[in-house]
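Visitor: Hey, can you walk me through this one? I'm new to reading structures.
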Protein chains: 2
Amino acid sequence: MARGSQTRQRIMDVAQEAILDKGFDATSIDEIVANAEITKSGFFYHFRDKNALARALIERHIEIEDALFDDLFERARELSDDPLQQLLIGLKLLAELLADIPGGHPGCIVATAAYQDRLFDHEVREANRRAVLGWRSRFRDMLETVQQTYPMKENVSLDHLADMFSVVIEGGLVMARAVNDPRLTEQQVLLLRSYLNLLFSPASRSV
Amino acid sequence: MARGSQTRQRIMDVAQEAILDKGFDATSIDEIVANAEITKSGFFYHFRDKNALARALIERHIEIEDALFDDLFERARELSDDPLQQLLIGLKLLAELLADIPGGHPGCIVATAAYQDRLFDHEVREANRRAVLGWRSRFRDMLETVQQTYPMKENVSLDHLADMFSVVIEGGLVMARAVNDPRLTEQQVLLLRSYLNLLFSPASRSV
DNA sequence: TTCAGAACCGCACTGGTGGTACAGTACCTT
DNA sequence: AAGGTACTGTACCACCAGTGCGGTTCTGAA
């Protein structure tokens, strides 16, 4: 069983690299099978069609990203007991992480899927939707905890605010690509941090 | 000469509708020529290849969007003499505009191009880049004027802040698609407005 | 009225790509 | 030895971007 899933992983690795570099459509199955050192028949043994590959990639991506966020905010919790500080520290760590990836963040498969969504079938879009809603509830929980200690200075929806995390990250990745500036995403995450600081922090001190 | 450019416009209209609906690759030339009531030869008479069509669409989109922003903030200037209020009013008008489009905003061609950029040639990416940098300088100018009257409460880069307009709009459009919630973009623009209000507004009144 | 050029049409063709079908084979576990 | 898993190899199809080129229609200037 190790042999099969190993090949499957290899196909996905090769495919992901090519897709993040060139886009889903620009990556042909022939190219993937060549780089993964497998035959076309072998590819279709593991994936029913190209959609199945996309779905697998998105699902894997969600897991990795979730684990990454878990780790990030776990470290933030270790560094402070204050919920607001945890949030601000977590965002700082996220910005650093985005900055540390050499050559800039490769981009987000979820956004790729969203912008080519008619290419994918319903299951792919559903997986994508689940991922985004998962992030919303994650950040919403954190914001609620913060709000219990620190009242907001402006009355904004916590759901919308939670979505802003994803919006800034995804939008940042899009714009980083458009202007070819890999540091843009990191800068935008820090602006979100600045917003949350102004919104919740009681003293109007600069951070 | 009216005849030629008329056909060209018709091709672009038909193509844009299909591309925003399904994505660039999912839209075949055969489909475009059928809906535009022209032949394939006719299409290639007007556009050297599919890239030329994309380039033309992006350039037209930039013009339209620029005119839209011009109009929006012109109206904001009519409503207030205060630079901060102009900015906040402009964002409110933008949010209303995004909300008013029936069925939600169709999406942004610039982001589509950014996420499939390897599909496009250098000229297309350059046009895209120019558009984004144009927005940056537009919003930067406005922010600078605001800053002359209202000092920022946190010291953030005006360039980054200017980029945040595009980031929130583009990211909002991506996420709106992902969760199938057309109102998301509008909500995010209002959050950006809330941030700018907190950042520049001297009194900590709620708006 | 003529006539050149712009704006097409019609059709045949090429190469690449996603996907199918199916027979055969190496390997690994029971 | 048997049987499933994990493939290989080959042949094939439909669709799509793009080419080539000869022919046709429309239009504005001389």
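Guide: Sure. Keep in mind that this is a predicted model. Let's begin inside chain B, where R8(B), Q9(B), M12(B), D13(B), A15(B), Q16(B) and I19(B) of helix 1 touch L53(B), A56(B), L57(B) and R60(B) of helix 4.

Visitor: How many of the residues in that contact are nonpolar, polar and charged?
Guide: The contact of helix 1 of chain B with helix 4 of chain B has 6 nonpolar, 2 polar and 3 charged residues.

Visitor: And at what angle do helix 1 and helix 4 of chain B cross?
Guide: They cross at roughly 90 degrees, and their axes come within 10 Å. That makes helix 1 of chain B roughly perpendicular to helix 4 of chain B.

Visitor: Okay, new topic. Which residues are closest to DNA strand D?
Guide: The closest are T7(A), T39(A), S41(A), H46(A) and I29(B), out of 18 residues that surround DNA strand D. Of the atoms of DNA strand D that come within 4 Å of the protein, 62% belong to sugar and phosphate.

Visitor: What does the side chain of T7(A) do there?
Guide: An N or O atom in the side chain of T7(A) sits 2.9 Å from a phosphate oxygen of DNA strand D. H46(A) also has a polar side-chain atom 2.9 Å from a phosphate oxygen of that strand. For a base contact, look at K40(B): an N or O atom of its side chain is 3.2 Å from a base nitrogen of DNA strand D.

Visitor: Which helices supply at least two residues each to the surface near DNA strand D?
Guide: Helix 1 and helix 3 of chain A do, along with helix 2 and helix 3 of chain B. Helix 3 of chain A has the largest share, with 4 residues. By type, the surface near DNA strand D divides into 4 nonpolar, 8 polar and 6 charged residues.

Visitor: Now DNA strand C. How many residues surround it?
Guide: DNA strand C is surrounded by 17 residues, and the closest are I29(A), T7(B), T39(B), S41(B) and Y45(B). Sugar or phosphate makes up 63% of the atoms of DNA strand C within 4 Å of the protein, with bases making up the rest.

Visitor: Where do the phosphate oxygens of DNA strand C get a polar partner?
Guide: I29(A) has a backbone N or O atom 2.9 Å from a phosphate oxygen of DNA strand C. A polar backbone atom of K50(A) is 2.9 Å from a phosphate oxygen of the strand. With H46(B), an N or O atom in the side chain is 2.9 Å from a phosphate oxygen of DNA strand C.

Visitor: Which helix gives the most to the surface near DNA strand C?
Guide: Helix 3 of chain B, with 4 residues. Helix 3 of chain A and helix 1 of chain B are also among the helices that each supply at least two.

Visitor: Last one: how do helix 8 and helix 9 of chain B pack?
Guide: Helix 8 of chain B, residues 158-179, packs against helix 9 of chain B, residues 184-200, at about 155 degrees, with the axes 8 Å apart. The two helices are therefore roughly antiparallel to each other. Their contact divides into 16 nonpolar, 3 polar and no charged residues. Among the residues that meet are L161(B), F165(B) and V168(B) from helix 8, and L192(B), Y195(B) and F200(B) from helix 9.

Conventions:
Residues numbered from 1 in each chain as written. Chains lettered and ligands numbered in written order. Predicted model: local features only at pLDDT ≥ 70, side-chain atom pairs only at ≥ 80, totals over all residues. Heavy atoms only, no water. Axes fitted to C-alpha atoms, helices over the stretch in contact; angles between N-to-C directions. Parallel < 35°, antiparallel > 145°, perpendicular 65-115°, else oblique. Contact = heavy atoms within 4.5 Å. Nonpolar A, V, L, I, M, F, W, Y, C, P; charged D, E, K, R; others polar. Near = heavy atom within 4 Å. Polar contact = N/O pair within 3.5 Å; in protein donor to acceptor, adjacent residues only side chain to side chain.
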